[in-house]
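These are my notebook entries from a first look through this model. I wrote them for someone meeting the structure for the first time, so do follow along.

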Amino acid sequence: MIKNFLLLLFLGFFSLNAAAIRVDTSAYQLQRLKINALLAERSTRFGQYDQSLDARTGIFGFQTKRDIKNSNEILRQIVLNDNNIFKELKVLMDYKDQEVKNVIINSNTTNGRIQNYMLSIKKLQDHNQALKKEMAIIEKGKTSYYYIISFLGLLIAGMVWFGYKKGLFNEFGKSKNKSNSIKVIR
């Protein structure tokens, strides 16, 4: 039950993180589209400005005040549009800076985790080597115990054999039989 809950929590965290990355990416894309629209609008206004400069509605083909005011108004709209473009570019650059910061933070976090994993692996390898040395010492001790036990067993077997050869156990058996026979007589 707890494993399932932790798994759901883990998956929820990563899906939320992925959704945040998608939101940042889509916001970045929307900002780019907004800037591209402003640039397209600027291009059309420059075309209008060129046409207004060529417009000569006055007598004998001269420009009138109205033509010049119209050209100036178009030029003023181009400048306002340029200001909007600069503002939107600043926002876009802020998105990009935030993206770079996120990449750096993720990189540092990943490097930190890798360093911790390497340190853990090194500790485990050192511990494994120490356990192997201990195991070799214990195995060596077991073999010496086997030799000592084998030697004592052979020594006892030799003493028993020597005792039978000398007849020490025969007398022990006879004395035991005598004690049994005495009991019977009484």
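**Entry 1: salt bridges.** I started by counting salt bridges, and the count came to seven. My rule asked for a side-chain nitrogen of Lys or Arg within 4 Å of a carboxyl oxygen of Asp or Glu. The idea behind the search is that side chains of opposite charge can pair when their charged atoms come close.

I noted two ground rules before going on. The model is predicted, so local features need pLDDT of at least 70 and side-chain atom pairs count only at pLDDT 80 or more, while totals for chains, interfaces and linings use all residues. Residues are numbered from 1 along each chain as its sequence is written, and side-chain values use heavy atoms, with hydrogens and water left out.

**Entry 2: D82 and R42.** I looked up the salt bridge of D82 with R42 and found the closest N and O atoms 2.2 Å apart. D82 sits in helix α2 and R42 in helix α1, so this pair ties together parts that are 40 residues apart in sequence. Helices here are DSSP runs of H or I with at least four residues, strands are runs of E with at least two, and both are numbered from the N terminus.

Next I asked how covered the two partners are. D82 is buried, with a relative accessible area of 16%, and R42 is partly exposed, at 27%. For me, buried means under 20% relative accessible area, exposed means over 50%, and partly exposed is in between (1.4 Å probe, protein chains only).

**Entry 3: E88 and K34.** Here I found a second salt bridge, joining the side chains of E88 and K34 at 3.8 Å, N to O. This pair also links distant parts of the chain, with E88 in helix α2 and K34 in helix α1 (residues 2-54), 54 residues apart. E88 is buried at 18% relative accessible area, whereas K34 is partly exposed at 43%.

**Entry 4: D126 and K122.** I then checked a salt bridge within one helix: the side chains of D126 and K122 meet at 3.2 Å, N to O. They are four residues apart in helix α2, and so are separated by about one helical turn. Both count as partly exposed, D126 at 39% relative accessibility and K122 at 46%.

**Entry 5: N81 and R45.** Which residues does N81 touch, not counting residues up to four places away in sequence? I found L38, E41 and R42; a contact here means heavy atoms within 4.5 Å. N81 is in helix α2 and counts as buried, at 3% relative accessibility.

I also looked at R45, which lies in helix α1. Leaving aside neighbours within four places in sequence, R45 is in contact with I74, Q77 and I78. The C-alpha atoms of R45 and N81 are separated by 9.3 Å, though the two are 36 residues apart along the chain.

**Entry 6: helix α2.** I measured out this helix on the model: α2 has 102 residues and reaches 149 Å from its first C-alpha to its last, close to the expected 152 Å. That expected span is 1.5 Å times one less than the number of residues. Its buried residues include I74, I78, I85 and L92, as well as G141 and G163. Just after α2, G167 takes a positive phi of about 85°.

**Entry 7: a surface patch.** I found a nonpolar patch on the surface formed by Y145, I148, I149, F151, L152, L155 and M159, with about 780 Å² of accessible area together. Such areas come from the Shrake-Rupley method with a 1.4 Å probe, and for residues only the protein chains shown count as cover. Patch members have over 30% relative accessible area and no salt bridge; like charges are joined within 9 Å and nonpolar side chains (Val, Leu, Ile, Met, Phe, Trp, Tyr) within 5 Å. I checked L152, which lies in helix α2 (residues 65-166) and is partly exposed at 43% relative accessibility.

**Entry 8: the whole chain and its confidence.** I counted three helices and zero strands. Of the 186 residues, 11% count as buried.

The mean pLDDT, the predictor's confidence in each residue from 0 to 100, is 81 for the chain. Among the elements, helix α3 (residues 168-185) has the lowest mean, 57, and α2 the highest, 90. Over residues 16-21 pLDDT stays under 50, and I found zero contacts beyond four places in sequence there. Where pLDDT is low, the predicted coordinates should not be read in detail.
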